[in-house]
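Here is a short set of exercises to work through with the model open beside you. Try each task first, then compare your steps with the solution.

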Amino acid sequence: QVQLVESGGGLVQPGGSLRLSCAASGSIFSIGSMGWYRQAPGKQRELVVSITSGGNTNYASSVKGRCTISRDNANNTMYLQMNSLKPEDTAVYYCNAWITTHQGVMANYWGQGTQVTVSS
């Protein structure tokens, strides 16, 4: 059983910062690409940023320059540092990862999501 658990969401004022974390646990052999997605009310889920196991990143234009993704491969953890937050960043943020288990099965996993609200 593999689990992704996000943390770090909350209410922040415009211009503020938040750091999201995503911890993977379970029978993990390896983790490939990981990413952060978000879904605002009434909108489709969209990619915020992805990172390969080698550290290559792909940012959405809407967050480029304001957000930084990182991962700690030794601890199966991924982070998203978000600065200069705007009201339009308000959404549920989801962690996503391609994980291969010790049983040799590779699958795509999602976390349960963490709410980020940017409001004064």
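**Exercise 1. Find how many disulfides the structure holds, and describe how they are built.**

Solution. Step 1: search for cysteine sulfur pairs within 2.5 Å, the cut-off for a disulfide. The search gives one disulfide, and the partners are Cys 22 and Cys 95, with an S to S distance of 1.9 Å.

Step 2: place the partners in the chain. Cys 22 belongs to strand 3 and Cys 95 to strand 9, so the pair, 73 residues apart, links distant parts of the chain. Strands here are DSSP runs of E with at least two residues, helices are runs of H or I with at least four, and both are numbered from the N terminus.

Step 3: check the geometry and the surroundings. The angle about the S-S bond is -65 degrees, which makes the link of Cys 22 and Cys 95 left-handed. Cys 22 is buried at 0% relative accessible area, and Cys 95 is buried at 0% too. (Buried means under 20% relative accessible area, exposed over 50%, and partly exposed in between, with a 1.4 Å probe and protein chains only.)

Before you go on, two notes on the ground rules: this is a predicted model, in which local features need pLDDT of at least 70 and side-chain atom pairs count only at pLDDT 80 or more, while totals for chains, interfaces and linings use all residues. Residues are numbered from 1 along each chain as its sequence is written, and side-chain values use heavy atoms, with hydrogens and water left out.

**Exercise 2. Explain why Cys 67 has no bond to the closest cysteine sulfur.**

Solution. Step 1: find the closest cysteine sulfur, which is in Cys 95. Step 2: compare the distance with the cut-off; at 15 Å, the sulfur of Cys 67 is too far away for a bond. Step 3: look at exposure, and you will find Cys 67 buried, at 7% relative accessibility.

**Exercise 3. Work out which strands supply the largest nonpolar core.**

Solution. Step 1: collect buried Ala, Val, Leu, Ile, Met, Phe, Trp, Tyr and Cys residues joined through side-chain atoms within 4.5 Å, since that is what makes a nonpolar core. The largest such core has 30 residues, and those with the most contacts inside it include Trp 36, Ile 69, Met 78 and Tyr 93.

Step 2: sort the members by strand. At least two residues come from each of strands 1, 3, 4, 5, 7, 8, 9 and 11. Strand 9 provides the largest share, five residues.

Step 3: follow one member outward. Beyond its neighbours within four places in sequence, Tyr 93 has contacts (heavy atoms within 4.5 Å) with residues including Trp 36, Leu 80, Met 82 and Thr 114.

**Exercise 4. Describe what surrounds Thr 114.**

Solution. Step 1: locate Thr 114 in strand 11, where it is buried at 11% relative accessible area. Step 2: list its partners more than four places away in sequence; among them are Glu 6, Gly 9, Leu 20 and Tyr 93. Step 3: look for polar atoms, and you will see the backbone nitrogen of Gly 9 at 3.3 Å from a polar atom of the Thr 114 side chain.

**Exercise 5. Find which loops hold Asn 76 and Ser 84, and note their phi angles.**

Solution. Step 1: recall the background. Most residues other than glycine have a negative phi. Step 2: read off Asn 76, which has a positive phi of about 55 degrees and sits in the loop between strand 7 and strand 8. Asn 76 is partly exposed, at 24%. Step 3: do likewise for Ser 84, with a positive phi of about 50 degrees, in the loop between strand 8 and strand 9. Ser 84 is partly exposed, at 40%.

**Exercise 6. Sum up the chain as a whole: what are its elements?**

Solution. Step 1: count elements, giving zero helices and eleven strands. Step 2: test the overall size. The radius of gyration is 14 Å, close to the 14 Å from the globule rule for 120 residues, so the chain is as compact as a globular protein of that length. (The radius is taken over C-alpha atoms, and the rule is 2.2 Å times the number of residues to the power 0.38.) Step 3: add burial, with buried residues making up 41% of the 120 residues.

Key:
A polar contact is a pair of N or O atoms within 3.5 Å; within protein, one must be able to donate a hydrogen and the other to accept it, and residues adjacent in sequence count only if both atoms are side-chain atoms.
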